[in-house]
Amino acid sequence: MSRIFSGVQPSGNLHLGNYLGAIRNFVRLQQDYECIYCAVDMHAITVWQNPDELRKNTREVAAAYIAAGVDPEKSIIFAQSSVPAHAELAWIFNCVARLGWLNRMTQFKEKAGKNRENASVGLYAYPNLMAADILVYRATHVPVGEDQKQHLELARDIAQKFNNDYHTETFPLPEPLIFGAATRVMSLRDGSKKMSKSDPSDYSRITFMDDRDSIALKLRKARTDPEPLPDNEKELEGRPEAANLVGIYAALADRTRQQVLEEFAGAPFSSFKPALTDLAVEKFGPIGEEMKRLAANPDHVDAILKKGAERAAAIANPIIREVKDVVGFLQP
Ligand code: AQP
């Protein structure tokens, strides 16, 4: 049986990349699969989070899921820290994963930067917790943006090594689901960097909180080149900012990049950007509005998270019990 798991960190500034690369696909998958969607607050604290902000941002992630179309009656929505089995399995995986494997993780290198000695141990071990998030539900498929591909490969390696070491078939090998026309949305200020919550420039991203004026301003200021749009994808090579805006348009319009180029061939950015603004406001704007409305009612969101945590724990608890038995832990 297929089971979907995925999560988003409640570290603020939820953006269009999170939506197009991940959250929008969550909505599509719930038609056909059992889906578990988490606000991964334990991942968020691998870098400093103000406690009040973390509470607010955790509710906002849940609100964003619901506003985008995840049905909390059908799919499970909850906060990671409220199901202790994640942390329990993560510790076991800390003892399965090898240092050499983690040393290869590019996200740690990027996030720790030059000040590696000062990064938290949690940031380093982040992929082990992510593997635990997925495997504590025996999830088979994980919808993510392209940047998470390497972590998913590590989760598969961990599952495989656990199964080999203990001569069991405890875990499935989970597969990434990376689909849509914008699996890696880039920064509006620099086409070589992904759009990110932690970019210091607010102009680098369109967030769920942006209204029409800010979306229009950010797109107007978005970096581009002086050439008009070409009529085929091949000619977007070497033009990362142009390719990014075309990709965003295609994803929002549910069309291919080629179809978008056929419509806008020869157009300068001065006419493409307003068309993109209208489309972004039409498709993304209402989701942001609904998210704000939901987030303004924390009791309602908290009730959904509580029920979601109970449903998630009901799946995870028997699995973690079985894992502990395999490992040899006494369970009085
Ligand atoms: N730019 C992106 N394009 C497409 N997908 C993206 N995702 C993130 N950025 C992009 C996907 O969104 C999901 C949630 O990501 P996350 O919150 O767990 O952490 P992240 O990938 O580290 O996100 P950010 O926004 O870049 O945050 P910071 O700045 O804290 O690192 C994932 O499925 C991710 O692939």
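This text walks through the two domains of the protein, the interface between them, the ligand and the salt bridges.

The model is predicted. Its protein chain is divided into two domains. Domain 1 is made of two stretches, residues 3-183 and 298-327, while domain 2 covers residues 202-293. Measuring over C-alpha atoms, the centres of domain 1 and domain 2 are separated by 29 Å.

The two domains touch each other. On one side of the interface, 16 residues of domain 1 take part, and they are in contact with 17 residues of domain 2. The size of an interface is often given as the accessible area lost when the parts come together. Between domain 1 and domain 2 this buried area is about 1,400 Å², and 71% of it comes from carbon and sulfur atoms. In domain 1, the residues that lose the most area to domain 2 are Leu16, Ala67 and Ala181, which together account for 36% of what that side buries.

What polar links cross this interface? There are 5 residue pairs in polar contact between domain 1 and domain 2. Two elements, α1 (16-29) and α3 (51-68), each give two or more residues to the side of domain 1 that touches domain 2. Helix α1 supplies the largest share of that side, with 6 residues. Sorted by class, the side of domain 1 that touches domain 2 has 11 nonpolar residues, 2 polar residues and 3 charged residues. The rule also finds 1 salt bridge across the interface of domain 1 and domain 2. A salt bridge joins the side chains of Asp254 and Arg28, with N and O 3.1 Å apart. Arg28 falls within the range of α1 (16-29), and Asp254 within that of domain 2 (202-293).

Next comes the ligand. It is surrounded by 21 residues, and the closest are Asp147, Lys194, Ser196, Lys197 and Ser198. The side chain of Asp147 has an N or O atom 2.5 Å from an oxygen atom of the ligand. In the side chain of Lys111, an N or O atom is 2.9 Å from an oxygen atom of the ligand. Gly17 uses its backbone instead: one of its backbone N or O atoms lies 3.1 Å from a nitrogen atom of the ligand.

How many salt bridges does the structure hold? The count is 22. One of them pairs Glu73 with Lys307, whose closest N and O atoms are 3.5 Å apart. Glu73 sits in the loop between α3 and β3 (76-79), and Lys307 belongs to helix α14 (residues 298-327), so this pair ties together parts that are 234 residues apart in sequence.

Terms used:
Residues are numbered from 1 along each chain as its sequence is written. This is a predicted model: local features need pLDDT of at least 70, side-chain atom pairs count only at pLDDT 80 or more; totals for chains, interfaces and linings use all residues. Side-chain values use heavy atoms; hydrogens and water are left out. Domain bounds come from an automatic or database domain assignment. Contact means heavy atoms within 4.5 Å. Buried area is the accessible area (1.4 Å probe) that two parts lose on being put together, summed over both. A salt bridge is a side-chain nitrogen of Lys or Arg within 4 Å of a carboxyl oxygen of Asp or Glu. A polar contact is a pair of N or O atoms within 3.5 Å; within protein, one must be able to donate a hydrogen and the other to accept it, and residues adjacent in sequence count only if both atoms are side-chain atoms. Helices (H or I, at least four residues) and strands (E, at least two) are DSSP runs, numbered from the N terminus. Ala, Val, Leu, Ile, Met, Phe, Trp, Tyr, Cys and Pro count as nonpolar, Asp, Glu, Lys and Arg as charged, and the others, Gly among them, as polar. A residue is near a molecule or strand if one of its heavy atoms lies within 4 Å of it.
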